[in-house]
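Hello,

Here is the structure I said I would pass on. Please open it first, then read my notes below.

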Amino acid sequence: MPPIPGSGLAKGLAVTLRTMTKRTVTAQYPDVQPELPPRTRGVIGLFEENCTVCMLCARECPDWCIYIDSHKETVPPAAPGGRERSRNVLDRFAIDFALCMYCGICIEVCPFDALFWSPEFEYAETDIHELTHERDKLREWMWTVPEPPALDPGAEEPKEIAAARKTADKLQAQETQAAEEARAAREAEQARPGRTPEGEGQE
């Protein structure tokens, strides 16, 4: 059966009339800021103090949008007679957000917790070259990173804390055992037959 002429227009007008009677849900951005989830993937913040210039994030990035420069410095020995050590010093840490696809691999592979997701998203530029943000800007975004969610009460203890606790308990047990052995040795010395008390036999 051929369609009735004008039926498509009537359907469109019916949809328009139904929509006009409903309350609008449009967010008037930028006058009204959106309510984002707490772990929104906005931009990447850099906590520079934790970065050891291991280059793992740059090597694992599938877009090759992380640029890192560094140099080596010699650190004097911590104690007299020790040897000098060399360490990497970060000179440049930049991310090209024109290439970044927000996969989060760099954050996942960072072994020292130097990269974090920030919910900030207002960083548009008129020039694409200005989307390469240096470490100063990445550090500013670091302070907008939300607190991590609390651990589940029934979750296992983190392995780092468990290892530290195990080492501390072992050292405490060794100290306690050494104190017990020393006390037992003193008691045995005092109870030894034929032992001359201090001060006896002296004129």
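Two cavities of 30 Å³ or more turn up in this predicted model. The largest holds about 80 Å³ of space. Its lining has 14 residues, and those closest to the centre are Cys-51, Cys-54, Cys-57, Cys-110 and Ala-114. By class, 13 of the lining residues are nonpolar and one is polar. None is charged.

The second largest cavity has a volume of about 70 Å³. Here 13 residues form the lining. Closest to the centre are Cys-61, Cys-65, Cys-100, Cys-103 and Cys-106. The lining of this second largest cavity counts 11 nonpolar residues, one polar and one charged.

With those cysteines in view, how many disulfides does a search of the whole structure find? The count is zero. Take Cys-54, which is in no disulfide. Its nearest cysteine sulfur belongs to Cys-110, 6.1 Å away. A disulfide needs the two sulfur atoms within 2.5 Å, so at 6.1 Å Cys-54 and Cys-110 do not make one. Cys-110 gives the matching result: it is in no disulfide, and its nearest cysteine sulfur is that of Cys-54.

Are these two cysteines buried or exposed? Cys-54 has 33% relative accessibility, so it counts as partly exposed. Cys-110 has 15%, so it counts as buried.

Next, the aromatic rings. The structure holds seven aromatic pairs. One of them joins Phe-47 and Trp-143. The geometry is edge-to-face, with 6.4 Å centre to centre and 85° between the planes. Which parts of the chain does this pair tie together? Phe-47 lies in the loop between strand S1 (43-46) and helix H2 (56-60). Trp-143 lies in the loop between helix H4 (135-142) and helix H5 (159-190). The pair therefore ties together parts that are 96 residues apart in sequence. Phe-47 counts as partly exposed because its relative accessibility is 23%. Trp-143 is at 56%, so it counts as exposed.

There is also an aromatic cluster to look at. Phe-97, Tyr-102, Trp-117, Tyr-123 and Trp-141 form it.

Now the sheet. It is open, has three strands and runs in the order S2-S3-S5. The pairing is antiparallel. Which strands sit at the edges? They are strand S2 (66-75) and strand S5 (132-133), each of which pairs on one side only. S2 and strand S3 (residues 85-96) pair over 10 bridges, in the antiparallel sense. To find your place in the sheet, look for Tyr-67, which stands opposite Ala-94 in S3.

One last stop is the link from S2 to S3. Ala-79 has its place in the loop between these two strands. With 44% relative accessibility, Ala-79 counts as partly exposed. How far is the C-alpha atom of Ala-79 from that of Ala-27? The two are separated by 62 Å, and the residues are 52 apart along the chain.

If you are short of time, begin with the cavity lined by Cys-54 and Cys-110, among others. Then go to the pair of Phe-47 and Trp-143. Finish with the sheet S2-S3-S5.

Best wishes

Methods. Residues numbered from 1 in each chain as written. Predicted model: local features only at pLDDT ≥ 70, side-chain atom pairs only at ≥ 80, totals over all residues. Heavy atoms only, no water. Buried < 20%, exposed > 50% of the residue type's maximum accessible area, 1.4 Å probe, protein only. Phe/Tyr/Trp six-rings, centres within 6.5 Å; stacked < 30°, edge-to-face > 60°. Helix = DSSP H or I, 4+ residues; strand = E, 2+ residues; numbered from the N terminus. 1 Å grid on protein atoms, 1.4 Å probe; cavity = no way out; pocket = protein on both sides within 12 Å on 5 of 7 lines; lining within 4 Å. Points joined across faces, edges and corners; volume = space filled by probe spheres on them. Nonpolar A, V, L, I, M, F, W, Y, C, P; charged D, E, K, R; others polar. Pairing = 2+ DSSP bridges.
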